[in-house]
Amino acid sequence: MVTTDSNQSTAVMLILLGFSEYPQLKVPLFLLFFAVYAVAVLGNVGMIVIIKISPKLQSPMYFFLKHLSFVDLCYSTIVIPKLLENLVIEDRSISIGCCVTQFSFGMTSVMTEMALLAVMAYDCFVAICYPLLYTVYVSPKWCVLLVTVAYSWGIINSIVLIYSLLILSYCETKIIDNFACEYSTLLSATCSDKHFSEIILYITANFNVLSTVIIILTSYIFIFVTIFKMHSSSGRYKALSTCASHLTAVTIFYGPMFFLYCIPNIQNSSLVVKVGTVFYTVVIPMLNPLIYSLRNNDVKETFWKLMYFK
């Protein structure tokens with residue numbers, strides 16, 4: 001095992017360049033990201049509150065959505081405040097310890113969200129393909145178990161990746177052309193052999209992406225087959241409406257991931273990677289509550305009742 005010298009580790013700093021190469025855009029970018037963060041916080045907190053107080057929103061789908069909103073809220077709070085800070089101060093340095101901490105919470109949120117999206121695909125599958133058995137296959141106890149597994153899975157994966165980073169030695173300050181602490185950011189700062197850590201990342205990332213994508217795709221294959229067998233157009237429309245929001249959320253979540261990591265040589269462009277990371281870590285937590293609220297009459301009805309509550 002590679003040991004890390006504590007005196008060296010405390011002295012090692014990473015400098016996150018962020019968007020410092022565009023000084024003329026500091027103020028516009030700060031206002032833009034602040035607005036996005038405000039919408040993300042208000043949207044996700046609002047979604048949690050609305051689901052908690054509305055008697056109409058006590059089904060398993062909203063139970064899962066409440067936890068998805070919580071994860072998105074955590075993720076945006078982990079990333080955006082540091083991004084805003086780096087836009088207004090000259091000292092953009094961050095210690096290895098703080099960077100590892102940010103990465104660990106961020107990775108837990110990402111892995112948990114992936115698991116929750118797979119769980120919600122299962123929920124849509126049962127609701128459309130086996131509606132008469134829905135209360136059996138998606139019972140309250142089963143919902144709690146699925147959410148517990150999702151959080152546990154996120155924590156376990158984060159621990160594995162953090163372990164693969166902590167066994168490395170960090171011995172010099174590095175300038176990082178990014179605004180957030182990612183796995184590659186921390187790997188670039190190490191002065192020891194990182195082959196083992198890269199293998200751990202490869203296995204963990206591919207297993208999580210492939211397993212959740214397979215669950216989601218399998219669920220939607222059965223869903224679409226069931227929908228096409230329906231004779232009523234109104235039934236088809238209702239079934240499609242049931243899973244439309246989730247399908248949209250899955251698309252915007254996995255889209256940037258495949259764009260960044262599956263297109264050859266795309267990571268050679270730091271600007272493309274940075275924009276993709278912004279969309280992945282900043283925009284998606286804002287979009288999810290909008291996606292699930294704009295197409296949902298029960299959510300909108302509860303929202304307006306709260307707005308005009310006297």
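Student: Quick one to start with: is Cys 243 buried or exposed?

Tutor: This is a predicted model, and in it Cys 243 has a relative accessibility of 1%, so the residue counts as buried, since buried means under 20%.

Student: And which cysteine sulfur is nearest to Cys 243?

Tutor: The nearest one belongs to Cys 124, at 5.6 Å, and Cys 243 is in no disulfide.

Student: Why does 5.6 Å rule that pair out?

Tutor: A disulfide here needs two cysteine sulfur atoms within 2.5 Å, and the sulfur of Cys 124 is 5.6 Å from that of Cys 243, so the two do not count as a pair.

Student: How many disulfides does the structure hold, then?

Tutor: The structure holds 1 disulfide, and it is formed by Cys 99 and Cys 181, whose sulfur atoms lie 2.0 Å apart.

Student: Where in the chain do Cys 99 and Cys 181 sit?

Tutor: They come from distant parts of the chain, 82 residues apart: Cys 99 is in helix H4 (residues 96-129), while Cys 181 is in the loop between strand S3 (174-176) and helix H7 (183-188).

Student: Are those two buried or exposed?

Tutor: Cys 99 is buried, with 0% relative accessibility, and Cys 181 is buried as well, with a relative accessible area of 6%.

Student: What about Cys 98, where is its nearest cysteine sulfur?

Tutor: That sulfur is the one of Cys 181, 8.5 Å away, and Cys 98 is in no disulfide. Cys 98 has a relative accessibility of 46%, so this residue counts as partly exposed.

Student: One more on the link: which hand does it have?

Tutor: The link of Cys 99 and Cys 181 is left-handed, with -115 degrees about the S-S bond.

Student: Changing topic, what is helix H3 like?

Tutor: Helix H3 covers residues 60-88, which makes 29 residues, and its span from first C-alpha to last is 43 Å, close to the expected 42 Å.

Student: Where does H3 bend?

Tutor: The bend, of about 25 degrees, is at Thr 77, and Pro 81 follows within four residues.

Student: Now pockets: what is the volume of the second largest one?

Tutor: The second largest pocket has a volume of about 480 Å³, and among its 17 lining residues the closest to the centre are Met 61, Tyr 62, Ser 241, Thr 242 and Asn 296.

Student: Which helix gives the most to that lining?

Tutor: Helix H9 does, with 5 residues, and H3, H4, H9 and H11 each supply at least two. By type, the lining of the second largest pocket divides into 6 nonpolar, 6 polar and 5 charged residues.

Methods. Residues numbered from 1 in each chain as written. Predicted model: local features only at pLDDT ≥ 70, side-chain atom pairs only at ≥ 80, totals over all residues. Heavy atoms only, no water. Expected span 1.5 Å × (residues − 1). Bend = angle between axes of the 7 residues up to and from the residue. Buried < 20%, exposed > 50% of the residue type's maximum accessible area, 1.4 Å probe, protein only. 1 Å grid on protein atoms, 1.4 Å probe; cavity = no way out; pocket = protein on both sides within 12 Å on 5 of 7 lines; lining within 4 Å. Points joined across faces, edges and corners; volume = space filled by probe spheres on them. Nonpolar A, V, L, I, M, F, W, Y, C, P; charged D, E, K, R; others polar.
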